[in-house]
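Open the structure in your viewer and keep the selection tool at hand. The tour moves from one stop to the next, and each stop says what to select.

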Amino acid sequence: QEEEEEIIEKRTSIYDGVSSISALQPAQNAPFFQHIFEIARRNKVLNPSKMRSTYGKLMHLLQDAQTPSIAKSLGFDLYKDLVMVRPFLECRGGHVVDILDDSRLIQATMYVPTRDPVTGDVIERHVVEQLVDKKRRMMKELLDEYSSSSDDSSSNDKNNITRDELQLCIESISDAIAIVESNVAPVQRMINLLEENFTPNSYEKKFSLELRGSGNSFSSSNRYGGYGFGAFGGGFGSGSRDSSGPTLSHSHSTQYTFVWQSLTLWREVQRNMHRLWVCADADLLSVTTSYQLLNTGQGLNRVQSCPKVGKVMRALLHKTQRAAGSSWVGLSVIHLGDRDVPNAL
């Protein structure tokens, strides 16, 4: 509690001279703190490689601020829902939300790759420029039709949003699509390479995917033992084994299926990564499920249930299992909120 109050006082003093917030009580600055923390959380969703250490500290701070005792002591809430495009447009009223059903939005936000998604080869510059120009034209049409003029934002009940605000919404969608597509592309290329160069039921002698266990068998009842964890030395359990080789044995067909299923599942995860980020944010900052500080075997961790992330992950796993059309080779258990995966973060 004292740390929370100290941090808030320091954040307030940073902006001394910039605005009048330093002259106010912390509770009076609640909208300001909610706003800057929401921006940081939303920034992490679209820029996962950023805020490597500060994001975790931020979420821990907000987690503690969500507990009833500290929230009561602070006298205000630091939490604010993540700002999303649809709710943002809906709060503008009128018919501006109809832009989400406009077919031109697909072209205005389409991903323009610089490499061929199948081969990975660089796409010619003039082709990229043509696609970029098309995006710009579509965006201009949408801005002209759905945004209001700066002179009178209430002149048309269909256009209750400024041009800059609408452009920000369109570019946000475009950025999100670009991140997803750029992350899905290499996984899809790996799947393509697997399917083009191998078949599950036959193989050339020198190009078998078969894995054979090492000479010293791995004797452990650990549930991970048969699925590749620790396959290259180290690993789980106290059994003796040769650390120079794999501890699992897969036939060519089984290993092909295992790799295909793993890559397909990861492709689905990448396609739904923003959804998972939003669910993780909600799970971590939930007021109904608090965390417990437990020693998980890797030090003290905040163990907290993850119902929203778990629901999405189970749906993705079941979707991939149905698409596989064969028995599932890997684990079907999703670990969340336990000693293996303590929390959504």
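At what angle do H2 and H3 pack, and how far apart are their axes? Keep that question in mind for the second stop. The model on the screen is a predicted one.

**Stop 1: the whole chain**

Show the protein as a cartoon. Its secondary structure consists of 11 helices and 2 strands. Following the chain from the N terminus, you meet the elements in the order α-α-α-α-α-α-α-α-α-α-β-β-α.

Now switch on the surface. The protein exposes about 20500 Å², and carbon and sulfur atoms supply 52% of that area. Of the 345 residues, 35% are buried. Among contacts with a separation of 6 or more, 66% are between residues 24 or more positions apart.

**Stop 2: H2 and H3**

Select residues 30-46 for helix H2 and 54-66 for helix H3. Here is the answer to the opening question: the two helices pack at an angle of about 135°, and their axes are 11 Å apart. An angle over 145° would count as roughly antiparallel, and 65 to 115 as roughly perpendicular; H2 and H3 are therefore oblique to each other. Their crossing is left-handed.

Show side chains for the residues that meet. H2 contributes Phe37, Ala40, Arg41 and Lys44, while H3 contributes Tyr55, Leu58, Met59, Leu61 and Leu62. Sorted by class, this contact of H2 with H3 has 7 nonpolar and 2 charged residues, and no polar ones.

**Stop 3: methionine 51**

Select methionine 51, in the loop between H2 and H3. Its phi is positive, at about 55°, although the residue is not a glycine. Is methionine 51 buried or exposed? The answer is in between: its relative accessible area is 22%, so methionine 51 is partly exposed.

**Stop 4: H8 and H9**

Move along the chain and select residues 163-197, helix H8, together with residues 252-271, helix H9. Their axes come within 9 Å and cross at roughly 165°. An angle over 145° counts as roughly antiparallel, so H8 and H9 are roughly antiparallel to each other. H8 passes H9 in a left-handed crossing.

Which residues make this contact? Colour the two sides separately:

- From H8: Val180, Asn183, Val184, Val187, Gln188, Met190, Ile191, Leu194 and Glu195.
- From H9: Tyr256, Val259, Trp260, Leu263, Thr264, Trp266, Arg267, Gln270 and Arg271.

By class, the contact of H8 with H9 has 11 nonpolar, 4 polar and 3 charged residues.

**Stop 5: the loop between the strands**

Select strand E1 at 292-295 and strand E2 at 300-303. Two residues in the loop between E1 and E2 are worth selecting: threonine 296 and glycine 297.

Start with threonine 296. Its relative accessible area is 13%, and the cut-off for buried is under 20%, so threonine 296 is buried. Leaving aside residues up to four places away in sequence, threonine 296 touches Asn301, Val303, Arg339 and Pro342.

Then select glycine 297. Its relative accessibility is 67%, so glycine 297 counts as exposed. To finish, add aspartate 340 and draw a distance line between the C-alpha atoms of the two residues. Glycine 297 and aspartate 340 are 43 residues apart in sequence, and the C-alpha to C-alpha distance is 8.9 Å.

Key. Residues are numbered from 1 along each chain as its sequence is written. This is a predicted model: local features need pLDDT of at least 70, side-chain atom pairs count only at pLDDT 80 or more; totals for chains, interfaces and linings use all residues. Side-chain values use heavy atoms; hydrogens and water are left out. Axes are lines fitted to C-alpha atoms, for helices over the stretch in contact, and angles run from 0 to 180 degrees between N-to-C directions. Helices (H or I, at least four residues) and strands (E, at least two) are DSSP runs, numbered from the N terminus. Angles under 35 degrees count as roughly parallel, over 145 as roughly antiparallel, 65 to 115 as roughly perpendicular and the rest as oblique. A crossing is left-handed if the near helix is turned anticlockwise from the far one by less than a right angle, and right-handed if clockwise. Contact means heavy atoms within 4.5 Å. Ala, Val, Leu, Ile, Met, Phe, Trp, Tyr, Cys and Pro count as nonpolar, Asp, Glu, Lys and Arg as charged, and the others, Gly among them, as polar. Buried means under 20% relative accessible area, exposed over 50%, partly exposed in between (1.4 Å probe, protein chains only). Accessible areas come from the Shrake-Rupley method with a 1.4 Å probe; for residues, only the protein chains shown count as cover.
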